[in-house]
Amino acid sequence: MTKFIIRRLLSLIPTMFVIVTLSFFLIRFAPGGPFSAEKKVPAQVLQNLMKKYHMDESLGRQYLRYFGEILRGDLGPSFRYKDMTVNALIKQSMPNSMLLGTLSLALAVALGIAVGIVSALKQNKWQDYTAMSLAVVGISVPLFVIGPLLQLVFAMQLKWLPTSGWITDRAGLKTLIMPVITLSFPYFAYIARMSRASILEVLRSDYVRTARAKGLKESTVIGKHVLKGALLPIVSYLGPAFSGIITGSIVVETIFLVPGVGKIFVQSALNRDYTLIMGEVIVYSLILIVMNFVVDIVYGFLDPRIAYK
Amino acid sequence: MSTNIGQAVNEFNQQVAAVSLWADAWRRLRKNRMALLGLWVVGAFAIITLAAPILPIYDYTSQEMTHINLPPSLKSAGSIAIQKVEKRIVELKGLVDGGREDLRPEMDKIRAELESVKADVAKNPKSSKVYLLGTDYLGRDMLARTIYGGRISMMVGIIGTITAVLIGIIIGAIAGYAGGRLDNFLMRIVDIIYGLPYMLIVIILMAMFHKDGASSIVILFVAIALVSWLTIARVVRGQIISLKNAEFIEAARSMGAGTGRIIFRHLIPNTLGVIIIFATLSLPSFIMSESFLSFLGLGVSAPAASWGTLVSEGVQGMELYPWRLLVPALAMTIFLFAMNFLGDGLRVALDPQSKNRT
């Protein structure tokens, strides 16, 4: 097991290396530099700017310099936001995104599993049909339709919730409700469908029949025997769900004006703020890769059928 | 057990009529009412968007500044304008009769305006336009824009799926059939690209090469296709590995079939079911990706429109003109619904384990 973890950990390195290299060269070869927009600056100023950000050096040296800085945990200065480093910008916005993402994932998992259990146990009854229709809605309707519709109904027509903003505003925690619901809805839907399907499958298996034949209470059969086996696919879905939530949060943050990383990401992509885009891609990828790694390991611990050599 | 040699049997060894996988799948799909409904809806969408240039709808780019933000209606734009003025007069008349004498000049002024509006409507041929689904902030017909938006969205979905499937089949088949070092190398690459944050890469590509007009759609295709073939490559590889030692492949090889023939005539047709399921389920996800980018302002650029850009335009001003959001959002949602039902139905229908069962 330890050997497997170490090997898995080492395999993260080439992925990170490819991500850093790819995004570095992609962005450097893009037409239009960070200083090519709007105002024309005098040649001397431009030269000084280039010098300040080491952009007058050869591409190879820039790459090596950047790589060295990343290894030291320094993502460099932002080209657009004066006097701000990428580290500071990300540090400022990351907690907000993390809060939004974690809450959404937790809600999606908790609600999804609960709904999945209910519809599996009440298969082909009205509870099942209602839950599964809701799940189809969640899978088919994109985030950027659900978000504005929620705003239209609950903020503009009924005036129950604030249209947008963040917990630091006057409206406080109420601002969290709509973004979290919007972001978690598709993943709630997937998880509900998956857990329903896998519970139904496990319910038909021999060991559940054995458990019932032993005369165990139905609640014990479900809680101890069925769920243990049935929830494994959900664990392996957490990796993709997490990456979906990260990209989804870009849209949700734009709709609900959340001061998070996603909002900065879109801005920096449009601004060609090289260092900021790369910093964000690196941080996002690191989170994603680590999450996938954790999910793999947890899965290995939970599923006794998997033996690591 | 072996009394029925050479004949199709089900799991109880009962004799059944031999049917091809496709006939069997089609029979099962026809029984699934939701999947069939999905098929009809998808078909209707396809026909409408394909026939858009010959349909009697207005040009989706022509702007009519006198017809901005009109609500959906069966009446012509001119009669809506007249109605609006008449409603105002009735309102004012009520107030004047209720003792607000100071509003009388205002009422008379609007009465005069009504005459001029009526004359205008009679004179201007454009006032006879009927906007079934309303107009947007530049006075463009929402019906035409939604149909043409669907054209681009569906095109992105279809082209994305085709590229993904082609690249995926080729890479997957080579990796699975060759095995060994080549397989290892290709799958390593797939693993590494899998670890990349897909949407972020597409966003970067779009932001970098985003220009006005048609070129942005091409970049969009390239960006989506570049990262979308991974899943299908893995699936095809798995299928090929499980099939390549089957007897029928051995038979083909012993008859002198070359590698290319074995892969393309024997192995890939056997994985077609999986590929079709993947394709129908990934089409909506490509459409969602495209709309997602367009929503962020990184996708299709004006005057072309996709469902994503229409929704994002509709969000601005949705409180006063909700139809601008609801019309494209509804069209898109219905299509995605239908696609998902169809995909689910196909998955059940093409599942080889359910062959010869109802």
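Me: Before anything else, when do two rings of Phe, Tyr and Trp pair?
Reply: Rings of Phe, Tyr and Trp, with the six-membered ring used for Trp, are compared by their centres. They count as a pair if those centres lie within 6.5 Å.

Me: OK, so how many aromatic pairs turn up over all chains?
Reply: Keep in mind that this is a predicted model. The search covers the whole structure, and over all chains the number of aromatic pairs is 16.

Me: What kind of pair do A:Tyr190 and A:Tyr237 make: stacked, edge-to-face or tilted?
Reply: Planes under 30 degrees apart count as stacked and over 60 as edge-to-face, with the rest called tilted. Here the ring centres are 5.8 Å apart and the planes sit at 40°, so the pair is tilted.

Me: Where do those two tyrosines sit, and how many residues apart are they?
Reply: A:Tyr190 belongs to helix 8 of chain A, while A:Tyr237 belongs to helix 11 of chain A. The pair links distant parts of the chain, and the separation is 47 residues.

Me: Which of the words buried, partly exposed or exposed fits A:Tyr190, and which fits A:Tyr237?
Reply: The cut-offs are under 20% relative accessible area for buried and over 50% for exposed, with partly exposed in between. A:Tyr190 has 37%, so it is partly exposed. A:Tyr237 has 14%, so this one is buried.

Me: Which residues do ring pairs link into a cluster?
Reply: Ring pairs can join up into a group, and chain A has a cluster like that. Its members are A:Phe17, A:Phe24, A:Phe25, A:Tyr63, A:Tyr66 and A:Phe67.

Me: Let's go back to helix 8. Is A:Ile191 buried or exposed?
Reply: A:Ile191 has its place in helix 8 of chain A. Its relative accessibility is 0%, and the limit for buried is under 20%. That makes A:Ile191 buried.

Me: What does A:Ile191 touch, leaving out residues up to four places away in sequence?
Reply: One contact is A:Tyr237, which is 46 residues away in sequence but 8.1 Å away in space, C-alpha to C-alpha. The full set of contacts is A:Ala108, A:Val109, A:Gly112, A:Ile113, A:Ile234 and A:Tyr237.

Me: Which residues of the largest nonpolar core touch the most other members?
Reply: In soluble globular proteins, nonpolar side chains tend to be buried together. The largest core here has 141 residues. Helix 8 of chain A, residues 174-203, gives the most to this core, with 14 residues. The members touching the most others are A:Phe144, A:Val226, A:Phe265, B:Ile203, B:Trp307 and B:Phe335.

Me: Which residues of chain B does A:Phe144 touch?
Reply: Not counting residues up to four places away in sequence, A:Phe144 touches A:Val251 and A:Ile255 in chain A. Across in chain B, the contacts are B:Met288, B:Ser291, B:Phe292, B:Phe295, B:Gly308, B:Val311 and B:Met332.

Me: Where does A:Asn124 sit, and what is its phi?
Reply: Most residues other than glycine have a negative phi. A:Asn124 lies in the loop between helix 5 (86-121) and helix 6 (126-140) of chain A. Although A:Asn124 is not a glycine, its phi is positive, at about 60°.

Me: What about A:Leu257: what is its phi, and is it buried, partly exposed or exposed?
Reply: A:Leu257 is in the loop between helix 11 (232-256) and helix 12 (261-271) of chain A. Its phi is positive, near 50°. With 47% relative accessibility, A:Leu257 counts as partly exposed.

Me: Zooming out, how many helices and strands does chain A have, and how many does chain B have?
Reply: Reading along chain A gives α-α-α-α-α-α-α-α-α-α-α-α-α, so to speak a list of its elements. Chain A has 13 helices and zero strands. Chain B also has 13 helices and zero strands.

Me: What share of the residues is buried in chain A and in chain B?
Reply: Chain A has 309 residues, and 48% of them count as buried. In chain B, with 358 residues, the buried share is 46%.

Me: How far apart are the centres of the two domains of chain B?
Reply: Domain 1 of chain B covers 21-58 + 141-357, and domain 2 covers 75-128. Taken over C-alpha atoms, their centres are separated by 52 Å.

Key: Residues numbered from 1 in each chain as written. Chains lettered and ligands numbered in written order. Predicted model: local features only at pLDDT ≥ 70, side-chain atom pairs only at ≥ 80, totals over all residues. Heavy atoms only, no water. Core = buried A, V, L, I, M, F, W, Y, C linked by side-chain atoms within 4.5 Å. Buried < 20%, exposed > 50% of the residue type's maximum accessible area, 1.4 Å probe, protein only. Helix = DSSP H or I, 4+ residues; strand = E, 2+ residues; numbered from the N terminus. Contact = heavy atoms within 4.5 Å. Domains from an automatic or database assignment.
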